[in-house]
Amino acid sequence: MNEILEALFHRRAVKAFEAVEIPQVLREQILDAARHAPSSFNSQPYRFFWVESSPRKATAAKLCMGQMPAATASALVVAVADIGSLAGTWQARWEWMGRSGFSHAKIRDHERTAKIGQILFMPGPFGIFGALKWAIFRLVNLWTTMGMPPVFRQDLLKWATKSTSLACENLMIAAEALGLNTCPMEGFDGRRLSRFLGLSTRYHEIGMVIAIGKKSPAYAEPPQWRRPLDATVTVL
Ligand SMILES: Cc1cc2nc3c(=O)[nH]c(=O)nc-3n(C[C@H](O)[C@H](O)[C@H](O)COP(=O)(O)O)c2cc1C
């Protein structure tokens, strides 16, 4: 079978790990694979916290309700949707384009898109600007075909979470391909874990925590069940 498909089909949510140290070179490959996932407007609106040092990992595991995968993993990766990173990302990309010899026209295009993005994607204080944008877009949509951009803060966090989740899947498949195992988890105390990591309630939302390590030889994987293809797919 193709190697990528093999990693994809072999990945399981592993519930118990054996204590191994993940070498830095593997950690970097795994995180690099995560950030190569596609993201809306290439905005990469996330931050990964790789928690491996022993007192911090123990605290993070406790905040994952002490679940077995969290307690036994070599590291916990907290995947955070981050809408506070947008302005910095657009600026960094603009600088990269300048350094990489893009034409002035292309750089101007990027500036224009970034400005439109900032207007579309900023909810403004108390969401007032968001409400105004929502009303305008809704009205325009009565006459013309258009997508609804994320206007309120919650929409924006949901928008960022989509790209974050794709990066998470890349991370898990990369770990599998490199001989490691993972377990994605949403069983955690988001409020306390956010506070522990110093996150802002305004800009950040934890999407999931991924336990990563080497499957314990004592762990017996249950058979994998999926709904039949025709229950999940509509071919038109
Ligand atoms: C968003 C998400 C949240 C999950 N949360 C947990 C969790 O808190 N604890 C856990 O043990 N497994 C968790 N899982 C793992 C699922 O239970 C697992 O993926 C599912 O049962 C299918 O098993 P498989 O991945 O081995 O095929 C989560 C999976 C996803 C995608």
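Here are five short exercises with worked solutions on the predicted model shown above.

**Exercise 1. Getting your bearings**

Task: Find how many helices and strands the protein chain has, and what its C-alpha trace spans along the principal axes.

Solution:
- Step 1. Start with the elements: the chain holds 10 helices and 5 strands.
- Step 2. Now turn to its extent. Along the principal axes, the C-alpha trace spans about 60 × 45 × 40 Å.
- Step 3. Add burial to the picture: 37% of the 236 residues count as buried.
- Step 4. Finish with contacts. Taking those between residues at least 6 apart in sequence, 78% join residues at least 24 apart.

**Exercise 2. Aromatic pairs**

Task: Locate the aromatic pairs of the whole structure and say how their rings are arranged.

Solution:
- Step 1. A search of the whole structure turns up 2 aromatic pairs.
- Step 2. One of them joins Tyr46 and Phe48, with 5.4 Å from centre to centre and 55° between the planes, a tilted arrangement.
- Step 3. Check the surroundings of these two residues. Tyr46 has a relative accessible area of 10%, so it is buried. Phe48 is at 19%, and because buried means under 20%, Phe48 counts as buried too.
- Step 4. Trp96 and Phe102 form a tilted pair as well, at 5.1 Å centre to centre and 55° between the planes.
- Step 5. Here the accessibility reads as follows: Trp96, at 41%, is partly exposed, and Phe102, at 31%, is also partly exposed.

**Exercise 3. A residue in a helix**

Task: Is Val25 buried or exposed, and in which helix does it sit?

Solution:
- Step 1. Val25 belongs to helix 2, which covers residues 24-35.
- Step 2. Its relative accessible area is 54%; exposed means over 50%, so Val25 is exposed.
- Step 3. For a sense of distance, look across to Val151. The two residues are 126 apart along the chain, and 40 Å separates their C-alpha atoms.

**Exercise 4. Two pockets**

Task: Describe the largest pocket and the second largest pocket by volume and lining.

Solution:
- Step 1. The largest pocket has a volume of about 350 Å³. Its lining includes Arg35, His36, Asn42, Tyr46, Phe48 and Asp82.
- Step 2. Strand 2 (residues 46-51) contributes the most to that lining, with 3 residues.
- Step 3. Sorted by class, the lining has 3 nonpolar, 5 polar and 3 charged residues.
- Step 4. The second largest pocket holds about 210 Å³ of space. Among the residues lining it are Glu3, Ile4, His10, Ala33, Asn170 and Ala177.
- Step 5. Helix 1 (3-10) and helix 8 (153-177) are the elements giving two or more residues to this second lining, and helix 1 gives the most, with 5.
- Step 6. The classes in the second lining are 6 nonpolar, 2 polar and 2 charged.

**Exercise 5. The nonpolar cores**

Task: Which residues of the largest nonpolar core touch the most other members?

Solution:
- Step 1. Recall a general tendency: in soluble globular proteins, nonpolar side chains tend to be buried together.
- Step 2. The largest core has 23 residues, and those touching the most other members are Leu76, Val78, Met185, Leu193, Ile206, Val209 and Ala211.
- Step 3. Elements giving this core two or more residues are helix 3 (54-63), strand 3 (75-82), strand 4 (181-185), helix 9 (190-197) and strand 5 (204-215).
- Step 4. Zoom in on Leu76. Beyond its neighbours within four places in sequence, its contacts include Phe49, Val51, Ala60, Met185 and Val209.
- Step 5. Another core, of 20 residues, lies apart from the largest one; Ala37, Phe48, Ala79 and Ala175 are among its members.

Definitions and conventions: Residues numbered from 1 in each chain as written. Predicted model: local features only at pLDDT ≥ 70, side-chain atom pairs only at ≥ 80, totals over all residues. Heavy atoms only, no water. Phe/Tyr/Trp six-rings, centres within 6.5 Å; stacked < 30°, edge-to-face > 60°. Buried < 20%, exposed > 50% of the residue type's maximum accessible area, 1.4 Å probe, protein only. Helix = DSSP H or I, 4+ residues; strand = E, 2+ residues; numbered from the N terminus. 1 Å grid on protein atoms, 1.4 Å probe; cavity = no way out; pocket = protein on both sides within 12 Å on 5 of 7 lines; lining within 4 Å. Points joined across faces, edges and corners; volume = space filled by probe spheres on them. Nonpolar A, V, L, I, M, F, W, Y, C, P; charged D, E, K, R; others polar. Core = buried A, V, L, I, M, F, W, Y, C linked by side-chain atoms within 4.5 Å. Contact = heavy atoms within 4.5 Å.
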